[in-house]
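Q: Got a minute to go through a model with me? I'll throw some quick questions at you.

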Amino acid sequence: MTRIIQLSDIHMVEQRMLAYDVVDTAEYLAHAVSYISDLLPKIGPVDGIVITGDLTDHGRQAQYDRLKELLLPIRLPLCVLPGNHDDRDVMRAAFSEQLWKPENEMLNSHVQLGDVHVLALDCLVSGKSHGLLTSETLAWLENELAMLSGEPVIFALHHPPFVTGIGHMDAQPLHNAEELLQIVSNHRGPKMTICGHIHRYMTSHQPCGPVMIGPSVAHAVCPDLTEDGASQFTLEPGGFLLHSYDSAIKVFSSHYLPVGPHSGPFPF
Ligand SMILES: [Fe+2]
């Protein structure tokens, strides 16, 4: 069994700073790390962690340094990709151990965690809120997939390739979602697609298979599905996803695990 934890949208800030002047994102991450550390003996072994973008709030070196320091207690392989709040060059240097491909261009990578191949895609458009996969990234993706026929693949990126119904977030979409979904669809093997950006858990059942948005461990975009709903966030309990792949039956499954104070467990 391969098990992969998905964290998303951590939005790390420097010490004595709050995201949006409200959210102590470091505190939320520290809680999540502590919770995951306690949980590992019950869910392990876990093969690695994928962080689906917005690792930092402003893409500054000090923010990446603080993020890495807070993640240290979880000694698991890490696979990261940028979100619209990240800085490509600063992030490349901060995670120089990750084998970025193609070098010196986008922050795409192919990381094998257990039996699963994670194809982590860079859809960052510097200075913009929307996402875009460049033609070079899509060509690289197709090239990698040509060598993975029949293999289990997780496609990971920041922007969801589907409409969420949250208007102000759908206004900053992945511009070439259809191209990605077609490539995913063409892959002959077990697969799922994971992303972030919305800060709350959501699943879309696409013809190419499940596409899941992982929640943030900190703030969540309000679930306002009204037309012209306000751009707001809540501090409802955050969480993360635990993806499992059973190679005996070639099936993925996922748990949503909330993080935060709660009572229990109690015997049934
Ligand atoms: Fe975010």
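What follows is a short chat about strand 6 and its neighbours.

Q: What should I know before we start?
A: This is a predicted model, where local features need pLDDT of at least 70, side-chain atom pairs count only at pLDDT 80 or more, and totals for chains, interfaces and linings use all residues. Residues are numbered from 1 along each chain as its sequence is written.

Q: Is strand 6 buried or exposed?
A: Buried: 5 of the 5 residues of strand 6 (residues 116–120) are, so the rest of the structure largely encloses it. Buried means 20 or more other C-beta atoms, placed from the backbone, within 10 Å of a residue's own; exposed means 12 or fewer, and partly exposed is in between. Strands (E, at least two residues) and helices (H or I, at least four) are DSSP runs, numbered from the N terminus.

Q: Which residues sit on each face of it?
A: Val116, Val118 and Ala120 are on one side, with His117 and Leu119 on the other.

Q: And how does strand 5 run relative to strand 6?
A: Antiparallel, with 5 bridges joining them; strands pair if DSSP finds at least two bridges between them. Val111 has Val118 as its bridge partner.

Q: What about strand 7 and strand 6, parallel or antiparallel?
A: Parallel, through 4 bridges. There, Val118 partners Ile154.

Q: Changing topic, is Pro41 buried or exposed?
A: Exposed, because 8 other C-beta atoms lie within 10 Å. Pro41 belongs to helix 1.
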